[in-house]
Amino acid sequence: STPNLQAKLSPPLERQTLTAQSRYYRHVLTTTRLICPYTQKPIDAKRFALDHFLPWSFVAHDQLWNLLPVDPQINSIKSNKLPELDHHLLPFIDLQLTALRSYKANPGKETFKNIAEGYILDLKLSEEELLQESSFTIKMKDTIKPLWALAVHQGFEIGI
């Protein structure tokens, strides 16, 4: 039940850059105000870091559904820790849905279909459900909560 087990048994020598993911969020932030789930402050389009909501060392992937823009200092503070779900899960899901809706309305260089692919495949969403708040929220919770619990069981610290 460990996510992406093969990547953990033979991890890449170097982590991939987050250039495409940063470009996506930078584009979204040019038209939409996103609020950081950790600080409740607006995210600066010119100065942000990408955080893995569930640590990369646990999920071993860079899918957009697990990434969010945050202040670089917050990213450093959070480090390899898990967020407190009671405080941060719903604001994180809201940020994700807001970003997807924004990109759908104002697409960048990448097609919306390509942006949505990881959400649709990993969260087992249909294209119709992707932008519906209730369906999206349920699928995000159904994906993140068990992974978070498994990470806690494996010894990941809760820290933000």
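Helices (H or I, at least four residues) and strands (E, at least two) are DSSP runs, numbered from the N terminus. Keep that in mind as you look at this predicted model, in which local features need pLDDT of at least 70, side-chain atom pairs count only at pLDDT 80 or more, and totals for chains, interfaces and linings use all residues. Residues are numbered from 1 along each chain as its sequence is written, and side-chain values use heavy atoms, with hydrogens and water left out.

**The whole protein**

Let's start with the overall picture. The protein has 8 helices and 2 strands, and along the sequence they come in the order α-α-β-α-β-α-α-α-α-α. Its radius of gyration, taken over C-alpha atoms, is 15 Å, close to the 15 Å that the globule rule (2.2 Å times the number of residues to the power 0.38) gives for 160 residues, so the protein is as compact as a globular protein of that length. The C-alpha trace spans about 40 × 35 × 35 Å along its principal axes.

A residue is called buried under 20% relative accessible area, exposed over 50%, and partly exposed in between (1.4 Å probe, protein chains only). Buried residues make up 45% of the 160 residues. Contact means heavy atoms within 4.5 Å. Among contacts between residues at least 6 apart in sequence, 70% join residues at least 24 apart.

**The two strands**

How do β1 and β2 pair? They run in the antiparallel sense, over 4 bridges; two strands count as paired if DSSP finds at least two bridges between them. Across this pairing, A49 stands opposite V70, while L50 stands opposite P69.

In a regular strand the side chains alternate between the two faces of the sheet. You can follow this in strand β1 (residues 49–52), where A49 and D51 point one way and L50 and H52 the other. These four residues are all buried. Strand β2 (residues 67–70) is likewise covered on both faces: L67 and P69 lie on one side, L68 and V70 on the other, and all are buried.

**Two unusual backbone angles**

Most residues other than glycine have a negative phi, and most peptide bonds are trans. Here are two residues to compare with that rule.

| Residue | Phi | Place |
|---|---|---|
| Q40 | about 65 degrees | loop between α2 (19–31) and β1 |
| K124 | near 55 degrees | loop between α6 (112–123) and α7 (127–130) |

Neither Q40 nor K124 is a glycine, yet phi is positive in Q40 and in K124. K124 is also exposed, with a relative accessible area of 61%.

**Two residues to look up**

Is S135 buried or exposed? S135, which sits in helix α8, is buried, because its relative accessible area is 16%. Not counting residues up to four places away in sequence, S135 touches L125 and E129.

I158 lies in the segment after α8 (133–153). With 37% relative accessibility, I158 counts as partly exposed. Which residues does I158 contact, leaving aside its neighbours within four places in sequence? They are L82, P83, E84, W148 and V152. L97, by comparison, is 61 residues from I158 in sequence and 24 Å from it in space, C-alpha to C-alpha.
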